Amino acid sequence: MQNAAGLSRQPSRARSPLELGMENGIRERLFPDEAKFFAAFGKIATQLTLAATLLAEGFDDPARFSELAVTIHTVDREADEAARGVDLRVERMLIPPMDREDIHLLSTRLRRVVDILGGTARRAVSVRAVE
């Protein structure tokens with residue numbers, strides 16, 4: 001085939017889904033989407049809010065505190081998994097959307113607040129502070 005300048009060119013071939021997937025993976029590593037990080041931070045913050053709400057409910061209704069402490073522990077584990085996911089994602093990126101240390105610091109501090117709320121719930125149940 002010849003183009004308008006009279007030069008011959010090869011017809012373009014269709015790229016396989018594997019090639020497109022690799023190209024998208026490389027693009028994601030080079031130019032990460034900041035929105036995904038903020039969504040991950042939002043998920044951790046949502047878990048933090050849920051844990052705080054459950055803790056407040058436990059102090060308002062001491063009869064349910066043991067049950068709520070178990071739920072808070074589950075929320076704590078989910079926040080840990082989300083923070084770990086953020087850390088793993090940033091480690092796989094060549095150029096992160098923000099400074100690596102800032103991303104790690106934010107995810108760690110959000111996770112620690114959830115840990116503190118879970119620890120408070122466990123201590124309240126163990127010392128029977130809610131009876």
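A salt bridge is a side-chain nitrogen of Lys or Arg within 4 Å of a carboxyl oxygen of Asp or Glu. With that in hand, welcome to this structure, which is a predicted model.

**Overall layout**

The protein has four helices and zero strands, and reading along the sequence gives the pattern α-α-α-α. Of its 131 residues, 30% count as buried. The accessible surface comes to about 8900 Å², with 58% of that belonging to carbon and sulfur atoms. Among contacts between residues at least 6 apart in sequence, 70% join residues at least 24 apart.

**The nonpolar core**

The largest nonpolar core holds 25 residues, and Phe37 and Val86 touch the most other members. Two or more residues come from each of α2 (34-60), α3 (65-92) and α4 (100-126). The most come from α3, which gives 10 residues. If you would like a place to start looking, try Val86: leaving aside residues up to four places away in sequence, Val86 touches Phe37, Ala40, Phe41, Ile44, Ile103 and Ser107.

**A look at α4**

Helix α4 has 27 residues, which at 1.5 Å a residue should span 39 Å; its end C-alpha atoms are 38 Å apart, so the two values agree. Several residues of α4 are buried, among them Ile103, Ser107, Leu110, Arg111 and Val114. After the helix comes Arg128, whose phi is positive, near 55°.

**Salt bridges**

Side chains of opposite charge can pair when their charged atoms come close. Here the count comes to three salt bridges, and the table lists them.

| Acidic residue | Arginine | Closest N to O distance |
|---|---|---|
| Glu57 | Arg64 | 3.8 Å |
| Glu67 | Arg64 | 3.8 Å |
| Asp80 | Arg111 | 3.9 Å |

What does the bridge between Asp80 and Arg111 tie together? Asp80 lies in helix α3 and Arg111 in helix α4, so this pair links parts that are 31 residues apart in sequence. Buried means under 20% relative accessible area. Asp80 therefore counts as buried, at 18% relative accessibility, and Arg111 is buried too, with a relative accessible area of 18%. Apart from residues up to four places away in sequence, Asp80 touches Arg111 and Asp115.

The other two bridges share a partner, joining Glu57, Arg64 and Glu67 into one network. Each member of this network is partly exposed: Glu57 has 31% relative accessibility, Arg64 has a relative accessible area of 31%, and Glu67 has 48% relative accessibility.

Key
Residues numbered from 1 in each chain as written. Predicted model: local features only at pLDDT ≥ 70, side-chain atom pairs only at ≥ 80, totals over all residues. Heavy atoms only, no water. Core = buried A, V, L, I, M, F, W, Y, C linked by side-chain atoms within 4.5 Å. Buried < 20%, exposed > 50% of the residue type's maximum accessible area, 1.4 Å probe, protein only. Contact = heavy atoms within 4.5 Å. Areas by Shrake-Rupley, 256 points an atom, 1.4 Å probe, with all protein chains shown as cover. Expected span 1.5 Å × (residues − 1).
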